[in-house]
Amino acid sequence: MKNAIIIILTALLSFTLIGEAQGQCRKYTKKSCVPKLDPYIFNGQVNSALLNEGDIAELMLTFYADQEYRVLVCAEDQLGNVNFKLKDINDKVLFDNSKHEMASLWDFTSNTTQQIIVELEIPESDEAGEKLKNGCVAILVGFKETE
């Protein structure tokens, strides 16, 4: 019985801490990342997560024809330069920020309505024995109508 109570309390504490970390990540995204979309209009979707160095994440997004977009990958400083790529559904790389001085955003016009995969990779630390770093990473989309 005592072990069951300890397991339940541990699970509740874990859910509380995860929820608190996600809340802090959303605050960071809204305060530090959303303003970087300017002059594009934020689409209102907050795609953020707490990631560790070495993590790889993917997100599939839909882009509509004849609109200009800004895709922004925003990460807390302790994570370093996050590498991200945009790929079509056939795995063709449309943009790779490692070929553009690790840019944190990409502006483009979508000629057709399409789904694009945003793949990001958090760099690993080069120093042995260093504590595992983690932080908030957000993928945001801004748009504006083409004239």
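Are Phe63 and Tyr69 buried or exposed? Both of them are buried, and the close-ups below begin with this pair. Please keep in mind that the model shown here is a predicted one.

**View 1. Phe63 meets Tyr69 edge-to-face.** A search through the whole structure turns up 6 aromatic pairs. In the pair shown here, the ring centres of Phe63 and Tyr69 are 4.7 Å apart, with 85° between the planes. A pair of aromatic rings is described by these two values, the distance of the centres and the angle of the planes.

**View 2. Phe84 and Phe95 form a tilted pair.** Here the centres are separated by 5.6 Å and the planes by 45°. Phe84 belongs to strand S5 (residues 83-88) and Phe95 to strand S6 (residues 93-96), so this pair ties together parts that lie 11 residues apart in sequence. Phe84 and Phe95 are both buried. Step back a little, and ring pairs can be seen linking Phe63, Tyr69, Phe84, Phe95, Trp106 and Phe108 into a cluster.

**View 3. Asn97 sits in the loop between S6 and strand S7 (105-110).** Asn97 counts as buried because its relative accessibility is 0%. Its side chain shares a polar contact of 2.8 Å with the side chain of Asn83. A polar atom of the Asn97 side chain also lies 2.8 Å from the backbone nitrogen of Phe84. Leaving aside neighbours within four places in sequence, Asn97 is in contact with Val82, Asn83, Phe84, Met102 and Ala103.

**View 4. The largest nonpolar core has 21 residues.** The members that touch the most others are Phe63, Val73, Leu86, Phe108, Leu120, Ile122 and Val137. Two or more residues come from each of strand S3 (56-63), strand S4 (67-75), S5, S7, strand S8 (114-121) and strand S9 (134-145). S4 gives the largest share, with 4 residues. In soluble globular proteins, nonpolar side chains tend to be buried together.

**View 5. Ile122 and its surroundings.** Once neighbours within four places in sequence are set aside, the contacts of Ile122 are Leu51, Asn52, Glu53, Gly54, Asp55, Leu79, Val82 and Val137. A second, separate core holds 9 residues, among them Cys33, Leu37, Cys136 and Leu140.

**View 6. A charge over a ring, with Lys144 and Tyr40.** To finish, look for the charged end of Lys144, which sits over the ring of Tyr40 at 4.6 Å from the ring centre.

Note on methods:
Residues are numbered from 1 along each chain as its sequence is written. This is a predicted model: local features need pLDDT of at least 70, side-chain atom pairs count only at pLDDT 80 or more; totals for chains, interfaces and linings use all residues. Side-chain values use heavy atoms; hydrogens and water are left out. Rings of Phe, Tyr and Trp (its six-membered ring) pair if their centres lie within 6.5 Å; planes under 30 degrees apart count as stacked, over 60 as edge-to-face and the rest as tilted. Buried means under 20% relative accessible area, exposed over 50%, partly exposed in between (1.4 Å probe, protein chains only). A charge sits over a ring if NZ of Lys or CZ of Arg is within 6 Å of the ring centre and within 35 degrees of the ring normal. A polar contact is a pair of N or O atoms within 3.5 Å; within protein, one must be able to donate a hydrogen and the other to accept it, and residues adjacent in sequence count only if both atoms are side-chain atoms. Contact means heavy atoms within 4.5 Å. A nonpolar core is a set of buried Ala, Val, Leu, Ile, Met, Phe, Trp, Tyr and Cys residues joined through side-chain atoms within 4.5 Å.
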